[in-house]
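The exercises below are to be worked with the coordinates open. Each task is followed by a solution in steps.

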Amino acid sequence: MLSYKKILWTVANNAIDLLVGVGIFILVSKKYTPSEVGIWTLFTAVFYFVTKIRESIVQSALVKFSAGKTGNEYWDVLQCSFVLNISIDLLITTLVLTAGRWVLPHGVSDLLIYYPLYATAWAIYRWQLIVLRSSLKVEAIFRTNLAFVAILISGLVWVFFTTQPLSSIVLVLGIASSISVGLACFYISPILIWKAKPKWRLHLEMFQFGKHGFFRDLVGLLSGRINVFLIASFLTLTDVALLGVASKFTQLIVIPNTAIQSLFFPKVCELVNTKKLELLKFFFQNTVALVLSILLPMALLISLFAKPLVILISSTEYTDAAPLAICMVFTSALTLPFGNAFGSVVNALNKPKLNTKVVTGISLLNIVLLFTIVYYWGLIGVVVAPLIANVIGLVWTQRILKKELNISFIGCFKLILEQYRKLLLSGKKYVKTNSPSVHYEK
């Protein structure tokens, strides 16, 4: 089983990421008009898309090739990974700056002028966090994230109390990312990376492995983010803003899932590399059950208080986002744990093509459903289409894992109560161990 301590550290790190995103969104929704909120939602959708595309190539290859490596071999992998990361970032930045101004609405394309000030520093900082996460140095990630947030808050206070355009937020994010890159160098030596020997064959092998993640995540991200661009095309920027508000609650669900899944993949790679395949079924079902035991109560709480929460993070203008949020959080809570764990296991088994096939199929189905349902039903189609596509995907991935490793998704649900029991026992043990002892003198 995964260490509860490392899970908590990782959850804390992901919570910081969420607080940054939600905090900026609250600032934008309070200070700027609904149309500008829509513009910011579109801009962040583009930035998220680009970040995930880059990391889809870099992250899985870095974890796979660095697992078990030490000494010079380890630094050789890091150097290759860093070069790959920067090369992809420069290529994507060029594409965004040239194509974005022709494809995206006028207000969004104006923000893209400031894109490079943020993108390159963010690409390096995210790569540093991936390196630390792959070696499970979650405490170091927490410290660097705290520093990033402290710098960011200082800049956002300046934006809030002065009359600044929307582009000033991009500038603040770029400055905070640049400073954080320097701080993270205390944990990852740039000198040792520089001294590593270039290995072009390793570059090629990492890219060959990572390209499967690229094609898979390209289609998956198009499927997940095309709803924003569809609404901008078919409806209005105000509707885009409503979707932006609703999606913030989905991010709450993503926090613990992403935290546990980021620890799940290195452990699965370790089990596969050491030929301990008999433990995979046990590890998969218990980990997914743990994620479900956390996400389902969260989804229920968000659903019960959806409307007041919407008003809290934005205003009464956005109350129509509440039903969207309810459907989105339950879809995520029920399907994300299985989908992410499936991808980790299949990639660790050196079958990335199978993972690409599944994600591509589900994503294409989702895109077709989105075009159809949004066209006829309007905004509600944005949440109905992913629900249908993900349920079909759940059935498909279950059949594959049942055949490959005899893994049962129903078995994951049956283990939820057992996870609550383990969490309770772990909490009691922690309290007992850390309680001050009392000594009485005779």
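A residue counts as buried when its relative accessible area is under 20%, as exposed when that area is over 50%, and as partly exposed in between. The coordinates are those of a predicted model.

**Exercise 1. Overall composition**

Task: State how many helices and strands the protein has, and what share of its residues is buried.

Solution. Start with the secondary structure: there are 17 helices and zero strands. Next, burial: 51% of the 442 residues count as buried. The accessible surface is about 21100 Å², and carbon and sulfur atoms hold 69% of it. Finally, take the contacts with a separation of 6 or more: 81% of them are between residues 24 or more positions apart.

**Exercise 2. Two aromatic pairs**

Task: Classify the ring pair W40 and F43, then the ring pair F82 and W127, and place each residue in its helix.

Solution. A pair of aromatic rings is described by the distance of the centres and the angle of the planes. Planes under 30 degrees apart are stacked, those over 60 are edge-to-face, and the rest are tilted. The protein has ten aromatic pairs. In one of them, W40 and F43, the centres are 5.5 Å apart and the planes make an angle of 35°, so the pair is tilted. Both residues belong to helix α2 (residues 34-66), where they sit three residues apart, about one turn of the helix. W40 has a relative accessible area of 4% and is therefore buried; F43, at 2%, is buried too.

For F82 and W127 the distance is 5.1 Å centre to centre and the angle is 70°, so this pair is edge-to-face. F82 is in helix α3 and W127 in helix α5 (residues 115-134), so the pair ties together parts 45 residues apart in sequence. W127 is buried at 2% relative accessibility, whereas F82 is partly exposed at 27%. Ring pairs also join Y118, W122, Y125 and F148 into a cluster.

**Exercise 3. A polar residue in α3**

Task: Is N85 buried or exposed, and which residues beyond its sequence neighbours does it contact?

Solution. N85 lies in helix α3 (residues 71-103). Its relative accessible area is 2%, so N85 is buried. With neighbours within four places in sequence left aside, the contacts of N85 are R54, V58, A123, I124 and W127.

**Exercise 4. Helix α7 and the core**

Task: Check the length of helix α7 against the expected span, then locate I169 in the core.

Solution. Helix α7 (residues 167-184) has 18 residues, which at 1.5 Å a residue should span 26 Å; the end C-alpha atoms are 26 Å apart, so the two values agree. The buried residues of α7 include I169, V170, V172 and L173. The largest nonpolar core has 120 residues, and I169 is among those that touch the most other members, as are I24, W40 and F284. Helix α10 (residues 237-273) gives this core its largest share, 14 residues. Outside its neighbours within four places in sequence, I169 contacts I24, L27, V28, Y32, W40, L156 and V159.

**Exercise 5. W396**

Task: Which residues does W396 touch, not counting those up to four places away in sequence?

Solution. W396 is in helix α15 (residues 381-405). At a relative accessible area of 29%, W396 is partly exposed. The residues it touches are K357, V358, G361 and I362. W396 and V358 are 38 residues apart in sequence, and their C-alpha atoms are 8.0 Å apart in space.

Definitions and conventions: Residues are numbered from 1 along each chain as its sequence is written. This is a predicted model: local features need pLDDT of at least 70, side-chain atom pairs count only at pLDDT 80 or more; totals for chains, interfaces and linings use all residues. Side-chain values use heavy atoms; hydrogens and water are left out. Helices (H or I, at least four residues) and strands (E, at least two) are DSSP runs, numbered from the N terminus. Buried means under 20% relative accessible area, exposed over 50%, partly exposed in between (1.4 Å probe, protein chains only). Contact means heavy atoms within 4.5 Å. Accessible areas come from the Shrake-Rupley method with a 1.4 Å probe; for residues, only the protein chains shown count as cover. Rings of Phe, Tyr and Trp (its six-membered ring) pair if their centres lie within 6.5 Å; planes under 30 degrees apart count as stacked, over 60 as edge-to-face and the rest as tilted. The expected span of a helix is 1.5 Å times one less than its number of residues. A nonpolar core is a set of buried Ala, Val, Leu, Ile, Met, Phe, Trp, Tyr and Cys residues joined through side-chain atoms within 4.5 Å.
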